[in-house]
Amino acid sequence: MKTKRSVQFTPITPAPDGSPWSWSGSPTRGARLVPKRYRRHFFATAIAAFYLIILILRAELPAGSVPFIDTPNPLWAFKNPNPLLHGKHPYHFPLYYEEDDTVFDELTVFEQKVLTRWRTKHDRGGVFHYQMGSDREPMLNRPLNDEFGMVLQAAVGRAGKRSMNRTTTSVYEPVDPAAFNFGKAKAKELLYLFTDEGRRQVFDTPVDSGQPLQTQLPPLSNALIVNANPFALFHFLLVPSVSSILPQVLTKESLRLAVRYSTMCSGHLKLIFNSIGAGSSINHQHWQGFYMKQPLPIEKAATRSVSATAALQIREVTNWPIRSFVFTSPEEAVLVASVFLLVEKLLAANVAHNLLIYESGRKVAVVPRKIGYFPDVSKKQIAAMEVLGFWVIPNMKEYEELTAAEGIEFLRTARPEPDVDVAGLFATRKA
């Protein structure tokens, strides 16, 4: 018969007060004296390691710095289950990569970095005024059912965006230092800084996320900033020389910068410009960028030739509510010079205008229009998206009730008076 073994407990004598030693182990397995500093170091190391892991998971490091930081779905990402964010929306780019998505394969490496940063800021919260796919911005779409193939989007979150709060009769407006400008935006809204010197030089700079951008950026820095009131996924702002606080008047340098930036990206990127009186709500020079899975309605519209050379084609969009012109050239210098020739004419004639840069900087659409004033940002207006055939409507009642006839008539009220003689401006250009 097996006898039960008794266990002898060895009494532990406490170490003297002030002793650098402490007991380690258990009474049943024996105990030993170890230096107290080892135990302190162990706990300090464990706590430091824990916080280091948290910081790595939360840090916004440049793409590729840590293997899993810039993967399509960062480990910390809150993946909203709304299917419209997962590639089911007919127009908007998916916010999250899925295994069967191939659309992201068409993006450049630089674009993937920008979109990853945008998604990270969106999912964490604290940067945008609302999240896409939420009740504030449900991303609802419906066709206008008109002859032009236009689309309506309910963008109720945009009802809270800023307004210029004054009438205007000129495309030139002096900058008001007291008004909001993008230099006053918080650095946490920053996506990237870059310079057009050397064509594709993109860089990061340490910034204090709680302080305004204009106090921290290198001189003449061009900035990509999130649009805190987005209507589309990956909606951002391209702000030339952000610290200079230039007025919202298109310059040749700004146009060249936007075209050059577009050449760094895929054909899914759209860059738009609203002049004063053409939908711009902030008098600080900027472009708006966003991504679409398919062309905007105006891109699919029929056109006729106005002028053609080996290096440049100018075509007018036919059967469209507002006269619109498309410039196409594979040469950046030719495209910028030709488009700006028209923009200069519009500025001199005090004609408002909207621009669209697309197809990786090879095409620019210009839409001259009458100066308009839309003081109530919670109602429909006519800005770049509307003249391009994609209505962004911040009022749910208007979204549900707008008819094709009403929409087309509303757009036609923006036709410039007198009309612009684009054909005459380029009459000397022959095929």
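Student: Which residues is serine 262 in contact with, leaving aside its neighbours within four places in sequence?

Tutor: In this predicted model, serine 262 touches Leu269, Leu271, Ile357, Ser360 and Gly361. The serine itself sits in helix H3, residues 252-263.

Student: Why is serine 262 called buried?

Tutor: Buried means under 20% relative accessible area. Serine 262 comes in at 0%, so it counts as buried.

Student: What makes glutamate 299 and lysine 270 a salt bridge?

Tutor: The cut-off is a Lys or Arg side-chain nitrogen within 4 Å of a carboxyl oxygen of Asp or Glu. Here the closest N and O atoms are 2.9 Å apart, and the pair makes the grade. Glutamate 299 is in the loop between strands E10 and E11 while lysine 270 is in strand E9, so the bridge ties together parts 29 residues apart in sequence.

Student: And lysine 270, buried or exposed?

Tutor: Buried: its relative accessibility is 3%, and the limit is under 20%.

Student: How do you know that lysine 397 and glutamate 401 are about one helical turn apart?

Tutor: They are four residues apart in helix H6 (residues 396-401), so that is about one turn. They also form a salt bridge, with the closest N and O atoms 3.0 Å apart.

Student: Why is lysine 397 called exposed, and what is glutamate 401?

Tutor: Exposed means over 50%, and partly exposed lies between that and the buried limit. Lysine 397 has 53%, so it is exposed; glutamate 401 has 46%, so it counts as partly exposed.

Definitions and conventions: Residues are numbered from 1 along each chain as its sequence is written. This is a predicted model: local features need pLDDT of at least 70, side-chain atom pairs count only at pLDDT 80 or more; totals for chains, interfaces and linings use all residues. Side-chain values use heavy atoms; hydrogens and water are left out. Helices (H or I, at least four residues) and strands (E, at least two) are DSSP runs, numbered from the N terminus. Buried means under 20% relative accessible area, exposed over 50%, partly exposed in between (1.4 Å probe, protein chains only). Contact means heavy atoms within 4.5 Å.
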